[in-house]
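User: Please take a close look at one small neighbourhood in this model, and set it against the rest of the chain. I would like the cut-offs behind each term as you go.

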Amino acid sequence: GSAGPPTAVDSYKDCFTACLEKGTLRSVVARPLPHRYWNRGIVEDEGEKKQVENMDAFITSDACGKVEYGFVNYHENPVKIYWVNERTGEKIFNQDLGKGERETSFITTFV
């Protein structure tokens, strides 16, 4: 099961930060996954406790900044996916995306 939020919160000095994904249901806002908590410099991920020195480091860490995108092709033919270098405009081939949900391609990136 998922660990809940820390219970030893007596004042604002005990506050911690939690990252929420856009669209998180109101009913689960108080119970994000353990790796989404920054508790006075400690982040727990899959049972491993990691020291994260400051909130800026937490916000840009895997716990907060990592997102996954899925690409699905509903056209009849495969689609070529390119990344475009925003500085030069150069198109860089990434992959052929097959048809249908079974051919969904997922990538992980950071925001």
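Analyst: What follows starts with the whole chain, turns to the neighbourhood of N73 and S105, and ends with some other places for comparison.

This is a predicted model, in which local features need pLDDT of at least 70 and side-chain atom pairs count only at pLDDT 80 or more, while totals for chains, interfaces and linings use all residues. Residues are numbered from 1 along each chain as its sequence is written, and side-chain values use heavy atoms, with hydrogens and water left out.

The chain holds two helices and eight strands, and read along the sequence they follow the pattern β-β-β-β-α-α-β-β-β-β. Helices here are DSSP runs of H or I with at least four residues, and strands are runs of E with at least two, both numbered from the N terminus. Of the 111 residues, 21% count as buried, a word that stands for under 20% relative accessible area, with exposed meaning over 50% and partly exposed the range in between (1.4 Å probe, protein chains only). Where contact means heavy atoms within 4.5 Å, 44% of the contacts between residues at least 6 apart in sequence join residues at least 24 apart.

N73 sits in the loop between β5 and β6 (79-84), and with 2% relative accessibility this asparagine counts as buried. Its side chain reaches the backbone oxygen of L97 at 3.2 Å, which falls under the definition of a polar contact: a pair of N or O atoms within 3.5 Å, where within protein one must be able to donate a hydrogen and the other to accept it, and residues adjacent in sequence count only if both atoms are side-chain atoms. Setting aside residues up to four places away in sequence, N73 touches P78, V79, L97, G98, K99 and G100.

L97 also leads to the second residue of this neighbourhood, for S105 has L97 among its contacts, together with Y69, G70, F71 and Q95, once neighbours within four places in sequence are left aside. S105 belongs to strand β8, residues 105-110, and is buried as well, at 11% relative accessibility. The side chains of S105 and Q95 are joined by a polar contact of 2.9 Å. L97 thus appears in the contacts of N73 and in those of S105.

Elsewhere, V43 offers another buried site, with a relative accessible area of 5%, in strand β3 (residues 42-45). Its contacts, again without residues up to four places away, are H35, Y37, W38, E48, K49, K50, V52, F58 and A63. The C-alpha atoms of V43 and A63 lie 8.3 Å apart in space, although 20 residues separate them in sequence.

Two further residues are partly exposed rather than buried. N54, in the loop between β4 (48-51) and α1 (55-59), counts as partly exposed because its relative accessibility is 37%, and F16, in the segment before β1 (17-18), counts so at 25%. Both can be located relative to G41: N54 is 13 residues away in sequence and 6.4 Å away in space, C-alpha to C-alpha, whereas F16 is 25 residues away in sequence and 8.9 Å away in space, again C-alpha to C-alpha.
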